[in-house]
Every structure is written in C-alpha cells, then in structure tokens.
Amino acid sequence: MADIKIPVEPYKIKMVEPIKKTTRNERDRILKKAGLNIFNIPSENVYIDLLTDSGTSAMSDAQWASMMVGDESYAGARSFFHFEKAVKNIFGFKHVIPTHQGRAAERILFQTLLQEGDHVVNNIHFDTTRANIEVRNAHADNLVIQEAYDPDTDYPFKGNMDVKKLASFLKEKRKGNIPLVMITITNNSGGGQPVSLANIQEVSRICHSQGVPFFFDACRFAENAYFIKKREKSYRDISILDISREMFSLVDGATMSAKKDALVNIGGFITLNDDSLAQELKKTLIIGEGFPTYGGLAGRDLEAIAQGLTEIVEEDYLEHRIGQVQYLGELLKKEGIPVFQPVGGHAVYLLADKFLPHIPRSQYPGWALTVALYRESGIRAVEVGGVMFAEKDERTGKERYPELEMVRLAVPRRVYTQSHLQYTAEALIRLYWEREKVKGLKIVYEPEHLRHFTARFEEVK
Ligand code: F0G
C-alpha cells in the first residue's frame, strides 16, 4: 500500500448517522422483493451507498449554523442576497436565479430558448439535460473528443469538446438553429472527466465568433478546476477560486445543480448576464418554481448553498475529495480490476463488460454487477450502460447498446472514511475472484421511458 496515497481528512466528525450491516440471506430477500433493481432497495438496507454524489454530501457545522439564520420571507429575503453574493463571487454573472435543483434550471432555460428542431451541442449531455431538450422536440448533440470513448488511455482531459467538429457543426447548421452550446464540467456521462482551460478558451472563441451563446452545466466546477490546477501546467500556482473565475469568464452563463459542488442536499440555479433572457427565465420560474428570490427553495437552503460555495473552493477539501476517489480507483486497479482511466473526479467507473466477460451485452453485465455487489456486500452502485442507455430499433425490437458498459461508484462528499473505501475495494476484489459465478439478467418488466428506475429483472438460468 506504500505506493497508494492515503487521503487525509481536513475535518473531524462531530455528528454520526448509524448504518446497518445486513446478512447475505437478508440481502437476497431484499433483492428478490426489489425485482433485482437497486433503485427499489430502501436505503436503510444499504451499508455503503455509492448510488450518487448528488444531494448526499455531509454539510459542515458552518452550513448547519447558517441554516438557523435563514430568512423565510417570501420576497426579497436576506438569505437570497447572501446566496446571490456567494454565487457572483465565483461565477461573476449579473443575474442569479435560484431553482430547486439542476434539472429545473435546465427545464426553465430550454423551455425559454428552444424551438422545435433546434440543436444543443454539449461534450456529452447528462440524461436530464438531454431529456429537457428532447421534450422540446429539439436535438441534443454530443461532440466530445474521440479519446473520451477509450477507457484505457490516460489522456488528462477526456471531457474536452472536439473543437474541429464543433466549428464545422456550427457552420453546417447555421447559427440560428443552435441557441446555445454547452460544456458539462466535469463530464459525468463520460466518466467524470475534466475539461481543460485551453479547450474552454477555444470553444468560447469558436462560439463567440459565430454569435452562439456558450454555457456550462457547472455541477462539478470546483472538481474540474482542481484537475486544471493539477494537470494544466500554467495553472499550477493559481488558486481554485481564480481558476473557477477564469472558467466562468469564458462563458455566457451556467446551469448548476447545487447538490454537487455547493455541498448541499437540495438546490440549483441559473446564472447569466443577458438582461432580457433573465427576465424571460424569471417569468417561467414564477409559474413553476416560485418567486425569483427563492425559486423553490427555503431561505435556509439558500444560506447553506452560500456557505457551501465558500467551502468547495478550498484546496484542502478538494485534495481530500479527489484523493478519496483516486484512492478507491488505485486499490481496484492494483488488483487488475478493469476501471475507466484515468479515474474521474466524483466516481470510479468500473468496466462491467470486462469485469464479467462471460455475460453478453444482451444480459446486461453492468446491471448484473450492481446486483452481485449488493448481494455480496451491501454496497449500492449504479449501472451506466445497456439498461440505462440502450436504444431500441422500433422495427425489429432489437436493442443497440452504448459504447461503454459501466458501473459507477460515486463517492458522496465528506461522508465516508478510508475504511469504508477499503471495505468497498475488498468487496469488489472478492467479487472479481469469483466473477464467473455472477449470472446474466433478463428484463421481466420495463416502462416506456427511463426504464432503469423501475424495471424488474430475473436471472438467466
Ligand atoms: N447535470 C449533470 C452533469 C448532472 O450530473 C446532474 C445530476 C444534473 C445535471 C441534474 O441535476 O439532479 O440537481 O436535477 N446528476 C445526478 C447523478 C443525478 O447521480 O449524477 P439535479
């Protein structure tokens, strides 16, 4: 272990939440009842929950204290102005519009901006971004660099946009048809990979030369800034705050899920400079989310976001946070377990088809791995593969599978300790040794849309 860097916590623990170990027999019963779908398992039966890093952070004492002084006035609450000031300090835009979470920000932005047939480009759209575009009958296009799809190379910025493809896409589609270009930092759907500042600069130049607005899906901006500091030489001595400010200076606005890099359990916002667009967004906001100074949140939530944004850019915090994810990745790689390289900012992504090569894609190796991992050790992870993303050929009913079949181990912020991560690694290593015992699955129930949340499965005999 001497060669693996131990993540050392820049905090101590002053409140604990018990978690319960179950027996293998109990978990077998729980899985049967859940239709072999980890989304159907009550969380009290999960020992270590790596389903998501979203809304699962532990808040600091300062955040909890700030909630006590939340101003719950309907309009013009003091807490809104604290929140607005904290967002502006990092993002630097004129307008800050709170929403109850990230996808509400996306819905409001796209509902206002998109016409049928429009195209929105991203490195890779996250599912909710794609869904909010497609319900407007518009197109969600992914133009990430080709390296993003190669899980075995160590390219440092696999989240980068393919700038050549972007330039010709913008020319070909006439700009009127493309109301905005986005970049997701870090690129969640592509392994939590960062985007370099050089790439952001280039995309900004291309978009602005064509008069196309450029936005971030900024959920994990601080983790992206940390990778820039570590991997892009000229930023080695620049603070995370200044790197973040430089990133945001190159875009026209951002949508944000505060449930990630604002260290809170709920919240989001849209921030931008354009006065008339902001006015339109607020009109839509009022119909669905609430008055523009609270946008679906309580005053205390706004306070917690404001405080969280000051903590997220601290380098000690990020060193430990990213360090934890790297640590888990290293423990697995050392034993030859196939993981997406390099390890991302918020999660380790297992290559499930390589972990379980005896299970064909039509029997969902990624999903089978999440079931086996829970059954053997009470750990919950999420499939990012064939069940979540397969496309069905309408004529033949045959499924086309996404390029990568992965299982994401998302690490909640400030929640688990080194021994939890070690336990997770050991469980996966044991499972890897006995991998040929894991069986493929068939779907016995699926809804029409977003089937992974409610589908039910059986083992293939
Ligand atoms: N954009 C990205 C890149 C995300 O990862 C998410 C959420 C959203 C937008 C939507 O934000 O959940 O606040 O509405 N990702 C979670 C995840 C759900 O598990 O990765 P939200």
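These questions and answers concern strand β3 and the ligand site of a predicted model.

Q: What makes both faces of strand β3 count as covered?
A: Buried means under 20% relative accessible area. In β3 (residues 119-122), H119 and V121 on one side are buried, and so are V120 and N122 on the other. In a regular strand the side chains alternate between the two faces of the sheet.

Q: Why are β3 and β5 said to pair?
A: Pairing requires at least two bridges between two strands. β3 and β5 (residues 180-184) have 2 bridges, in the parallel sense, and therefore meet the cut-off. V121 stands opposite V181 in β5.

Q: What makes β3 and β4 a pair, and in which sense do they run?
A: They pair in the parallel sense over 4 bridges, where at least two are needed. H119 stands opposite H139 in β4. From β3 the chain passes through helix α5 (residues 127-134) to β4, a right-handed β-α-β crossover.

Q: Why does the pair formed by R103 and the ligand count as a polar contact?
A: The cut-off is a pair of N or O atoms within 3.5 Å. An N or O atom in the R103 side chain is 2.6 Å from an oxygen atom of the ligand, so the pair qualifies. A polar side-chain atom of Q101 lies 2.8 Å from a ligand oxygen, and a polar backbone atom of G102 is 2.9 Å from one. The protein buries 93% of the 470 Å² that the ligand exposes taken alone.

Q: How many residues of each class make up the shell around the ligand?
A: The shell has 2 nonpolar, 8 polar and 7 charged residues. Helix α4 (residues 102-113) gives the largest share, 3 residues.

Methods. Residues numbered from 1 in each chain as written. Predicted model: local features only at pLDDT ≥ 70, side-chain atom pairs only at ≥ 80, totals over all residues. Heavy atoms only, no water. Buried < 20%, exposed > 50% of the residue type's maximum accessible area, 1.4 Å probe, protein only. Right-handed = clockwise from strand over helix to strand, strands pointing away. Polar contact = N/O pair within 3.5 Å; in protein donor to acceptor, adjacent residues only side chain to side chain. Areas by Shrake-Rupley, 256 points an atom, 1.4 Å probe, with all protein chains shown as cover. Nonpolar A, V, L, I, M, F, W, Y, C, P; charged D, E, K, R; others polar.
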